[in-house]
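Dear colleague,

Please find below the structure that I am handing over to you. My notes on what was found in it follow, and I would be grateful if you read them with the structure open.

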Amino acid sequence: MAGRIEDYALIGDMQTAALVCRDGTVDWLCLPRFDSHAIFAGLLGTEEHGFWRLGPAHAADAEPPTAARRSYRGDSLILESEWDTPRGTVRVTDFMPPRDGAPQLIRIVEGVTGRVPMRSALRMRFSYGRVVPWVHKHEGRTVAVAGPDSVWFDTACETYGKALTTYADFTVAPGDRIAFTISWEPSHKKPPALPEPEQALEATEDFWRDWVDQCTYHGPYREAVVRSLITLKALTYAPTGGIVAAPTTSLPEEIGGVRNWDYRYTWLRDAAITLSSLLRTGYRDEARAWREWLLRAVAGDPENLQIMYGIAGERELGEAELDWLPGYENSGPVRVGNGAAHQLQLDVYGEVIEALHLAHMTGLSRNDYASLLQLKLIRYLEDHWDQPDEGIWEVRGPRRHFVHSKVMAWVAVDRTIKLIESGDADGPLEKWRELRDDIHRDVCEKGYDKERNTFTQSYGSKELDASLLLIPQMGFLPPDDKRVIGTIEAIQRELSTSDGFILRYPTTGEDAGVDGLEGDEGAFLACSFWMADDLAMIGRVDEARKLFEKLLALRNDLGLLAEEWDPRLQRQVGNFPQAFSHVPLIDTALRLTASGAYGG
């Protein structure tokens, strides 16, 4: 049975990622890319769908023991887990070395005290747990083959097969170090090179140390910021610069519910805000790589901007259900692909242009095609900004005139005007100034409820939406505007949970069903960070700090956050770890640091 979402650790190589539970079980791994089929899909099913457990031996009818301690080695993505047993203490180090060749997952067992019996149980199931591969020996190595894929298992330990699982039983004493590695290779190619685990460990540690050294943030929340930055880097697909929203699919927003989506793609919105955080903490190479990814992804059809693409810029992300997987804690269906890819979400234009603007303002070298793209996007918005859309939350109900979408259309025009005013682009300046004013006037007249002194989710609606918290952050209105303050206070009253976190929007009430889905969801963590930001902006800095520190306390023991928090079950829900949670964590930390609003 899979662990709680917060029981998992992330390891990865900037091309794919694995989730490792507290008991030493790898329950999720897609090879060779984030969006490839999983070879371990136990996270979304049972052990029959694939896993790799490595830890102290235990009775067959007993639960696997959980590690007494675990942490990342310094500022890295190298996981160290320790078990205290009646016979001694043992440590397992898990990591995936950044790579040019075959992807590898390496696990090194180290004896600390005593003599500890250990067991490795490896059950590979290809195609998300559906296909049992042909497992055999090849020149002394164990290889599993099915269709186009082969996975090679290397260890100095003696292995044996039982019940379609590969086992190794061994004992470690102080000073012993025993390595286990799996490597992926296309099945028609030669075997991958034999792994060199100790050298790979040293190189991986060097990589992360050098990368973290570039961070320019040295404030009081450095530990949380650096861990979030490492997580965002881990979600970057290095060959192309694309950034996935999360490395998982179908972890539910409500345990037992149907709100289960595939997040292993590059949402322009998520990637743009990730870029923003990376730029503001010193990471220009990632910004440059993402800009190049963007230009390739939208090339040839920039007016028909998709809200998401594949990690190499693929456009077709057809959605399907995997009916052989019961889902995480029976939360079905399990989905792959994402049918929202072709929705109209006008806010995306604003997020992309805001990211390009920030890259320009922070000194990223000029790219003429990026400027040309920006102008083309504005020409599209000229004719389409006043249309209804599906909005930031990808509703699957009827299109509406979402206020946040209109605000972000204003952002797109405003930032382009600034580009032209700086002399770095040419365009009809007066015409677009008029357009900016028209959008602003439209939002303030149709999206604002004068009686309640708050902006609303959409034109004519009485419902609120946490995305309205971005109005002052985007500069649409100043923080001291009474309409901004009224909106913040209304969201606190109407969208706050009992423990003070923020929901995205109501899923019950007058406009119930705006998203076209059954069921409920938890508090959306990004929205709660936005609230902390806004409170700081309007001078309520102590309240902002307290909310921020409550949010930090929701992180698991390794500093990781899923998409949402279930206030009833008091646990994380949604895909994990989630870029859209870690980015606003960084942003709020920067704002609170600048304001001096921190404890200690």
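**Salt bridges**

Asp414 and Arg415 are both buried. Please keep in mind that this is a predicted model. The two residues form a salt bridge with each other, in which the closest N and O atoms are 2.6 Å apart.

A search of the whole structure finds 50 salt bridges, and two others deserve your attention. The side chains of Glu489 and Arg540 meet in a salt bridge, at 3.5 Å from N to O. Glu489 belongs to helix 11 (residues 482-494), while Arg540 sits in the loop between helix 12 (525-537) and helix 13 (541-552), so this pair ties together parts that are 51 residues apart in sequence. Glu489 counts as partly exposed, at 32% relative accessibility. Arg540 is also partly exposed, with a relative accessible area of 25%.

The other salt bridge is between Arg591 and Asp533, whose closest N and O atoms are 2.4 Å apart. Here Arg591 lies in helix 14 (residues 579-595) and Asp533 in helix 12, so parts that are 58 residues apart in sequence are tied together. Are these two partners buried or partly exposed? Arg591 has a relative accessibility of 30% and counts as partly exposed, whereas Asp533, at 2%, counts as buried. The cut-off behind this reasoning is that buried means under 20% relative accessible area.

Salt bridges can also join into a network: Arg69, Glu82, Asp84, Arg91, Glu110, Arg177 and Glu198 are linked in this way.

**Strand 8 and its partners**

One member of that network, Arg91, is part of strand 8, where it is buried on one side together with Thr89, Thr93 and Phe95. On the other side, Gly88, Val90, Val92 and Asp94 are buried as well, so that both faces of the strand are covered. Eight of the eight residues of strand 8 (residues 88-95) are buried, and it is therefore largely enclosed by the rest of the structure. In a regular strand, the side chains alternate between the two faces of the sheet.

Which strands pair with strand 8? Strand 7 (residues 79-85) pairs with strand 8 in the antiparallel sense over seven bridges. A hairpin of two residues joins these two strands, and Glu80 stands opposite Thr93 of strand 8. Strand 9 (residues 104-114) also runs antiparallel to strand 8, to which it is joined by eight bridges. In that pairing, Val90 stands opposite Gly111 of strand 9.

**Helix 8 and the loop before it**

Helix 8 has 19 residues and reaches 27 Å from its first C-alpha to its last, close to the 27 Å expected. The helix is mostly covered, with 17 of its 19 residues buried. Just after helix 8, Gly423 takes a positive phi of about 90°.

The loop between helix 7 (368-384) and helix 8 (403-421) contains Asp389. What is the nearest side chain of opposite charge to Asp389? It is Lys406, which is 6.1 Å away; Asp389 is buried yet has no salt bridge. The side chain of Asp389 does reach the backbone nitrogen of Leu346, at 2.8 Å. Leaving aside neighbours within four places in sequence, Asp389 is in contact with several residues, among them Leu344, Gln345, Asp347, Arg399, Phe402 and Ser405.

Yours sincerely

Technical notes:
Residues numbered from 1 in each chain as written. Predicted model: local features only at pLDDT ≥ 70, side-chain atom pairs only at ≥ 80, totals over all residues. Heavy atoms only, no water. Helix = DSSP H or I, 4+ residues; strand = E, 2+ residues; numbered from the N terminus. Buried < 20%, exposed > 50% of the residue type's maximum accessible area, 1.4 Å probe, protein only. Lys, Arg positive; Asp, Glu negative; His and termini not counted. Salt bridge = Lys/Arg side-chain N within 4 Å of Asp/Glu carboxyl O. Polar contact = N/O pair within 3.5 Å; in protein donor to acceptor, adjacent residues only side chain to side chain. Contact = heavy atoms within 4.5 Å. Pairing = 2+ DSSP bridges. Expected span 1.5 Å × (residues − 1).
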